[in-house]
Amino acid sequence: MATAGNEEQTLLPGIEEEAEGMEREMESEEEEEEEEGMGVEQSEEEDEEDASEDERENEAEIQRLEEQLSINAFDYNCHVDLIKLLRQEGKLHRLRKARQKMSELFPITEEIWLDWLKDEIRVTEDESDREKVYELFERAVKDYMCPEIWLEYVQYSIGGMGAQGGIERVRSIFERALTAVGLHMTKGASIWEAYREFEIVILSTVQPPPGSVASKEQQELLNTQLERIHKLFRRQLAVPLMDMEGTYAEYSDWADDGVPETVTHQYRHSLQQLEKCKPFEEALLVSEPPKLAEYQAYIDFEIKEGDPARVQIIFERALAENCLVPDLWIKYTTYLDRQLKIKDLVLSAHERAVRNCPWTMGLWKSYLLALERHGADHQTVTDVFEKALNAGFIQAADYVEIWQSNLDYLRRRVDFSKEWSRELDELRAAFARSLDYLKQDVKERFSESGDLSCIIMQIWARIEALHCKNMQKARELWDSIMTKGNAKYANMWLEYYNLERSYGDAAHCRKALHRAVQCTSDYPEHVCDVLLNFERVEGSLEDWDAAVQKTETKLNRVNEQRARVAEKEAVLARQEEEKAEHRRKAKADKKAQKKSQKANSTGDKRKAEDEDEDEWGEDEGLPSKRLRGEEDFGSTATEEHMETESGLFSRRAPPPRKSEPPSFHKNQQGLSEAPRQPQEQRRDEDSVFVSNLAFNLEDPEGKLRTLFQGCGTVQQVRPVFTPKGVFRGYCYVQFEDRLAVSEALKLDRQEVDGRPMYVSPCVDKNKNPDFKVFKYKTAMEKHKIFISGLPYSCTKETLEDLCKQHGTVKTIRLVTNRSGKPKGLAYVEYENEAQASQAVMKMDGTMLENFTISVAISNPPSRKMEDKAAPSRILGASTLRQPQGARGKGRTQISLLPRSLYRQSAPDAKAENGTVSVSHATVTDGVHEGPGATSLDTQTKPLSNEDFARMLLKK
């Protein structure tokens, strides 16, 4: 017992230890599980935090877009971004409101409609919701002709065929779809096939079970359904559609008795029509959107064919991709008004036209006429007119014309046989409102009323005189017309006179003509003739005498005014001729001066000076005393002489400086060797002028010869250097053939060592001083856009990728300065005006690399040619460096010549101190200059000290 007790005592601690170890293991496992659970919870919490952060960012962006739309509800892109974000966040209620608001302002694209319809279908629960979806489909098919939306519509309607009248409703929608898009050559077949599949399914439901005999009623239903399917096959095979062969083969297999001969004949005719249309369909297939030119050709072809249904379908296809082209809408609505004349179709097209292009007045005007033509109620016409006033036309004259259209409509409503009517009061109120609207709203926006000739007031006055017999009101209106600046025009007075002649009396006619003679300034003779002819028919002798006296007085005054104007014009013409003669004389003098300087070398001049000194007997050992400025003048003349073309015609180069440029010795060698070579005759018509080259360009002659070698045989390259042998950045390239010049001009703006090279025709500025070359147009180019605000790092490739989304890009020009650095500007040329307009609307105000770009139609300002009063200095001309004042002041503005020695220019030449003074010559630093001065070797001997002393003593 004791032993057993001891064993128990020894076993118990071991069991307890094992139990404690197991508990510790279980606790550690529980801790690990808790840690793992905590880790999972933490990761879930992190995911939730990330999701909530994204939601907060999206919500902030949604609020920003909604606030922006509250400021400008017509921001199309803002609507699209808001709808995309709301759909991403799944906020159906707000998404529905955003879509609704956008659809009220703009026609919605196919993609947005399909997303909207699918979202609404997804949440449809009961029959009432289905009706709302049906209404949404009806709105969707009205915006654009879209086969995809119609296919979605018919498939959705099949889901409700179990309701009462559901099958007939499905058939009705199918028939409307075939009318709308069944003639679509590439996508219409899908509607036909869906319709046939639907009828085949219905056929399977009316067939009797296998082994049973159909009753008479069942047989009738079966025959009717079979006839429906046969009819669908026949109708489809009569329409030219893609893959018609497959449909014909399917019908051949399906028909037990074979294809009827009439159906085969229709099928062959459709195949012939398909072959005619295939070139146009292939052109649409390979061309890039919006394919306006291809659609225009297709439309013209269908109009020539004369099938109204096919013309309508091709118009609808074109408008689906070119909805912002007003001319296309005008062409479509005009065709419907004149050919189809179906009320619902015509009015629907007009409504869609003004929704897509509300800024086009012509569309609104056609819409108002169509409403009146099809008997729309007065309130509808009025509502459309009020919308037109708020459409935002681009010129004041558009408002005048839309008001005229409305006033014409209101006038046609009035029954003028009644003395008074509500319609007449409405017409008069509309006339008064139109005048106030043009005077206030239109003038405030455009700074003009748009009705300078007061056409609306003229129409009102004629209506009052003709229909209402109210000449008093008509005269008041014409008095108001004349006070608006129209009294000086003869045609306005004659219009008023004709009104008085038709509906007034002779007294008022005479009064109107007398006022016309007094006020008219454009055609007074005509008004005077009308007055005299009137008095011949209506007037007494006193009236005739008064008319003759008034007309003679008026014509005498007019003739005096014309004589004064003619005299003033003659004086101005003489002044212009004198200026032109003076310019020609100055050019001739400078040309003669330049030729004289080229003929006399520097060595010859020095030899002439030595001979003069020997002749006067001055000591050769003493240095001759020269006046201040003579040395500078000589160096300037030499320096200017050396800047002539290529620098190869100078006879002496200046001494080299310590720091010569790298190409100095090479250029100096060319300068020294050039006189030994015979100079080839210069031909400007075979040459081009190349400028904006780098001053440090190595071997410019060799590089340019290589560059222009592809244009034609280069006869010579004449680079121009400074006297120090530094390249001046421009040169002349002469070809053997004149045809090479046009090829060389194509290299204009090509980069040479990182700078754009300018290539222009070589023109003698002495013969054509006003010749200017500008490569690009300065008038408006509607097919080209101007982009500003581009980042300086933008390349042609980047810009082309951005612009080609809106049309076919023909050329891109990045504007740079002379050094080749971009200015942030560019011109992009599109294939047509429509593409350029679309690019402006889509790209203006967008971001490119964090830069907001501005896009507009290219309309650069005209380049004004400056008419300089004095001709520019010719290279090599002997002119002084400093401008001279009235007393010959130099750089310090202090006259170094005593006043007693200063002589004003005299009209007659006078010999004094052995020097002949020339008219208008001035004494400047001891050198005579003026129109009579030519060159240094023709000047007279300068004054000596004794001569100056004698002149100082004279009082």
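Two residues count as being in contact when heavy atoms of theirs lie within 4.5 Å of each other. Keep that in mind for Gln835, which, once residues up to four places away in sequence are set aside, touches Pro290, His806, Gly807, Thr808 and Tyr830. What you have on screen is a predicted model, and Gln835 is a handy place to start walking through it.

Gln835 sits in helix H32, which covers residues 833-843. Is this glutamine buried or exposed? Its relative accessible area is 3%, and the cut-off for buried is under 20%, so Gln835 is buried. One of its partners, Pro290, is worth a click too. Pro290 belongs to the loop that links helix H11 (261-286) and helix H12 (292-305). The peptide bond leading into Pro290 from Pro289 is cis, with omega near 5 degrees.

Let's zoom out for a moment. The protein has 955 residues, of which 35% are buried. Its secondary structure comes to 33 helices and 15 strands. If you take the contacts with a separation of 6 or more, 61% of them join residues that are 24 or more positions apart.

Now for the nonpolar interior. The largest nonpolar core has 149 residues, and the members that touch the most others in it are Ile149, Trp150, Leu328, Trp364, Phe393, Ile402 and Trp478. Which helix gives the most to this core? That would be helix H18 (residues 396-413), with eight residues. A second core, separate from this one, has 21 residues, including Cys711, Val717, Phe727 and Cys731.

Back to Ile149 for a look at its surroundings. Apart from neighbours within four places in sequence, Ile149 is in contact with Glu110, Trp113, Leu114, Leu117, Phe137, Ala140 and Val141. Helix H4 spans residues 110-122, and Glu120 lies in it. Glu120 has a relative accessible area of 11%, so this glutamate is buried. Its contacts, again leaving out residues up to four places away, are Arg96, Val133 and Leu136.

Helix pairs come next. Two packed helices are described by the angle between their axes and the distance between the axes. Take helix H7 (residues 166-181) and helix H8 (residues 189-206): their axes are 10 Å apart and the packing angle is about 160 degrees. Angles over 145 degrees count as roughly antiparallel, so H7 is roughly antiparallel to H8. The crossing of H7 past H8 is left-handed. On the H7 side, the contact is made by Ile167, Val170, Arg171, Phe174, Glu175, Ala177, Leu178 and Val181, while H8 brings Ile191, Trp192, Ala194, Tyr195, Phe198, Glu199 and Ile202. Sorted by class, the residues of this contact are 12 nonpolar, no polar and three charged.

Then look at helix H23 (residues 506-519) and helix H25 (residues 541-599), whose axes come within 9 Å and cross at roughly 20 degrees. With the limit for roughly parallel set at under 35 degrees, H23 therefore counts as roughly parallel to H25. H23 also passes H25 in a left-handed crossing. Who makes the contact here? From H23 it is Arg510, His514, Val517 and Gln518, and from H25 it is Asp543, Ala547, Lys550, Thr551 and Lys554. This contact has two nonpolar, three polar and four charged residues.

A couple of backbone oddities deserve a stop. Ser447 has a positive phi of about 65 degrees although it is not a glycine. You'll find Ser447 in the loop between helix H19 (422-446) and helix H20 (455-466), and its relative accessible area of 65% means it is exposed. Arg749, also not a glycine, has a positive phi near 75 degrees. The loop holding Arg749 runs between helix H30 (739-745) and strand S4 (750-752). At a relative accessible area of 36%, Arg749 is partly exposed.

Finally, turn to Phe689 in strand S1 (residues 687-691). Its relative accessible area is 22%, so Phe689 is partly exposed. How many residues along the chain separate Phe689 from Val759? The answer is 70, yet their C-alpha atoms are separated by 5.8 Å. Val759 is among the contacts of Phe689, alongside Tyr730, Cys731, Tyr732, Tyr758, Ser760, Pro761 and Cys762, with neighbours within four places left aside. One of these, Cys731, also appeared above as a member of the second core.

Notes. Residues are numbered from 1 along each chain as its sequence is written. This is a predicted model: local features need pLDDT of at least 70, side-chain atom pairs count only at pLDDT 80 or more; totals for chains, interfaces and linings use all residues. Side-chain values use heavy atoms; hydrogens and water are left out. Helices (H or I, at least four residues) and strands (E, at least two) are DSSP runs, numbered from the N terminus. Buried means under 20% relative accessible area, exposed over 50%, partly exposed in between (1.4 Å probe, protein chains only). A nonpolar core is a set of buried Ala, Val, Leu, Ile, Met, Phe, Trp, Tyr and Cys residues joined through side-chain atoms within 4.5 Å. Axes are lines fitted to C-alpha atoms, for helices over the stretch in contact, and angles run from 0 to 180 degrees between N-to-C directions. Angles under 35 degrees count as roughly parallel, over 145 as roughly antiparallel, 65 to 115 as roughly perpendicular and the rest as oblique. A crossing is left-handed if the near helix is turned anticlockwise from the far one by less than a right angle, and right-handed if clockwise. Ala, Val, Leu, Ile, Met, Phe, Trp, Tyr, Cys and Pro count as nonpolar, Asp, Glu, Lys and Arg as charged, and the others, Gly among them, as polar.
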